[in-house]
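Good morning. Please have the sequence and the structure open while I talk. I will go through a few features and then stop.

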Amino acid sequence: MESWIHNLGRSWYKFSRNKLSVLGFLIIVLTILLAIFAPLVAPYPTHSGPYVDLVTGAKAPTAEHLFGTDIYGRDIFSRILFALRPAFLTGLLVLAIVVPIGTVLGLIAGYYVGRAPDTIIMRLTDIFLGLPPLILALAVSSMLKPNLVNSMLAVSIAFWPWYARLVYSMVSSLRNEFYVRSAELVGESKAHILFREILPNCISPILTKVTLDFGWVIILSASLSFVGLGEQPPAPSLGTMVAEGSRYLPDQWWTAVFPAVAIVMVVLGFNLMGDGIRDMLSSEVS
Amino acid sequence: MKLLFFILRRLALSLVVIVGLSILIFVIARIVPGDPARMALGANAPQEVVDRLRVRMNLDKPIYTQYVLWLGGVLQGDFGDSLYTKRPVVEDIAEFLPATVELVIFAGIIMAAGGILLGTLSAKYNNTWVDTIIRLFSYIGVVTPAFVFAILFMLLFGYLWPILPIMGRLSTGVVEPVRMTGMVVVDGVLQGNFPAAFDGIKHMILPALALALGGLSQEARITRSSMVDNLNKDFVLAHHAYGIPSQRILWRYVMKPSLIPTVSVLGLDFAVLFGNAFLVEMVFNWPGLSRYGINVMLQKDLNAISAVILVLGLIFVLTNIVTDLIVSFLDPRIRLGAAKGE
């Protein structure tokens with residue numbers, strides 16, 4: 001237990017050597033806290049849903065409405081806080097779906113490299129990679145009812161092949177290492193070899209990719225709702241808010257710009273943190 | 001000969017991807033809950049009319065027969081009719097694709113040239129203020145979605161400091177070139193209609209920049225890191241010892257090996273431009289395939305959606321092949337490795 005804490009301390013020390021990574025970490029912690037406590041923090045919690053007050057509509061940023069109001073009189077700042085919730089939820093659920101699926105498929109294909117499971121799984125992966133992720137996600141979500149769950153499904157379909165490919169490329173070279181050979185000789189089960197011998201050696205790149213992808217998943221789902229194929233109004237969603245706001249350019253620039261900045265901040269946070277984790281893990285290996 | 005084998009193998013694998021993609025698209029287009037014929041005709045159409053359309057759309061046959069019939073049509077260039085524009089999908093694609101291709105090529109040039117230039121400058125002035133600014137710029141470029149750039153540019157250069165047009169492909173009053181390739185700039189130049197070509201380029205600048213900046217930033221980062229690696233190699237030291245000017249070493253001897261990772265990513269990013277065009281065309285009201293794609297998606301127009309996706313998939317696969325060939329040209333290890341059959 002103590003060595004575990006000790007290791008954590010060492011990792012944090014390495015991670016915190018890069019000030020930008022710490023900045024990313026702080027951005028993420030702050031935005032997650034804001035998302036969780038949105039009902040308490042938001043100055044106008046009722047504005048997250050359908051709410052109309054035309055008197056305060058389309059007001060530029062003031063002390064009362066930090067980021068201004070939209071045409072319905074809803075406080076943009078409050079809505080951004082509430083929109084962070086589906087954004088983080090999407091990131092969390094999509095990765096919870098695609099990482100296990102991609103990893104297991106990549107493990108199997110990589111272990112049986114050159115044989116039937118490899119061919120079947122990796123050709124299937126190639127097919128899903130035959131379209132840019134955004135187009136694949138758009139295609140799938142266009143066929144389903146536009147809502148949050150279906151947009152998560154669409155994003156997941158676009159993301160799993162990247163994990164399969166990443167894990168495959170590592171496993172196919174690891175599978176001939178001595179420790180894998182010896183485990184085979186001793187007669188360990190396939191599950192033991194795949195998950196206890198090989199998988200632990202693939203964790204670092206997967207972990208780095210997960211952190212970076214959190215940002216990309218949020219961008220992709222924001223893009224879906226931007227074109228109208230994601231979460232539907234009046235539910236708050238960053239992509240939808242940017243799209244709605246862009247209709248009132250340039251007079252009500254704040255309705256589009258602040259949600260857009262929010263997206264960029266969150267993705268920037270995950271990227272800075274992901275780079276930090278990568279540096280930390282690669283220095284641990286060396 | 002072995003190189004030919006390498007290329008043939010690459011093409012065969014791509015064929016598998018394309019066939020697989022056609023199945024995938026077909027399956028996606030058939031998982032729609034509800035009856036496509038009913039959706040096409042609306043809730044008020046009499047049942048027998050819907051049934052007739054079902055037969056005409058082959059919806060009464062088993063799914064694999066439907067696929068074969070669909071694929072047969074597609075191979076002959078028949079994607080069926082669009083329910084949205086009420087005409088053959090092929091005509092729609094022929095009308096809208098050139099605008100997107102023109103925009104994406106323009107953006108691709110900005111992306112490649114800008115990314116390589118910035119990356120090289122960043123490596124040359126490694127750890128100076130030039131490097132810091134470029135790295136900061138490219139970090140922000142990577143994490144900002146294309147549609148955010150689109151809106152910011154529109155606001156900055158369309159309204160706040162209106163120096164560039166933000167809507168459509170040509171200004172009103174400019175004589176439109178006769179449609180030959182469908183690309184305004186190309187047609188304008190071919191017909192000597194230079195005002196139109198010039199105006200077309202002006203209309204492309206903002207959407208193309210919004211499209212290109214993400215990839216450009218990524219290219220700059222990759223070029224910088226591979227160039228910094230290469231600048232520390234022994235052959236550079238040897239060149240310096242021979243007294244070869246630094247500029248020449250940088251632009252001639254370090255450039256080529258440093259571009260290998262850049263080109264690999266460039267190929268992928270070029271194809272991603274087609275994806276992001278979906279968002280950017282919407283903002284700038286660009287009459288391209290992607291804006292058409294969004295419209296048919298919102299209308300659940302199955303024939304048109306499948307066609308758009310399949311066309312984009314084909315472009316993506318072709319881009320990947322070309323990228324692989326360019327990389328194998330740049331990288332003798334891959335070229336010779338392939339020749340050795342590795």
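How many residues does each of chain A and chain B bring to the contact? Chain A gives 33 residues and chain B gives 39 residues. Two residues are in contact here if their C-beta atoms, placed from the backbone, lie within 7 Å.

Before going further, a word on the source. This is a predicted model, in which local features need pLDDT of at least 70 and side-chain atom pairs count only at pLDDT 80 or more, while totals for chains, interfaces and linings use all residues. Residues are numbered from 1 along each chain as its sequence is written, and chains are lettered from A and ligands numbered from 1 in the order in which they are written.

Back to the contact, on the chain A side. At least two residues each come from helix 5 (116-128), helix 6 (133-143), helix 10 (203-227), helix 11 (238-246) and helix 12 (253-285) of chain A. Helix 12 of chain A has the largest share, eight residues. Sorted by class, this side of chain A holds 24 nonpolar, seven polar and two charged residues. Nonpolar means Ala, Val, Leu, Ile, Met, Phe, Trp, Tyr, Cys and Pro; charged means Asp, Glu, Lys and Arg; the others, Gly among them, are polar.

Now chain A as a whole. Chain A has twelve helices and zero strands. Both are DSSP runs numbered from the N terminus: helices are H or I with at least four residues, strands are E with at least two. The C-alpha atoms of chain A fill a box of roughly 75 × 45 × 25 Å along the principal axes. Chain A has 286 residues, and 47% of them count as buried. Buried means 20 or more other C-beta atoms within 10 Å of the residue's own, exposed means 12 or fewer, and partly exposed is in between, with C-beta atoms placed from the backbone.

Next, two cis peptide bonds. One runs from A:Pro233 to A:Pro234, with omega near 10 degrees, and A:Pro234 sits in the loop between helix 10 and helix 11 of chain A. Another runs from A:Leu249 to A:Pro250, with omega near -5 degrees; A:Pro250 is in the loop between helix 11 and helix 12 of chain A.

Last, chain B. B:Asn127 is not glycine, yet its phi is positive, near 65 degrees. B:Asn127 lies in the loop between helix 5 (89-124) and helix 6 (129-143) of chain B. Is B:Asn127 buried or exposed? B:Asn127 is exposed, because 10 other C-beta atoms lie within 10 Å.
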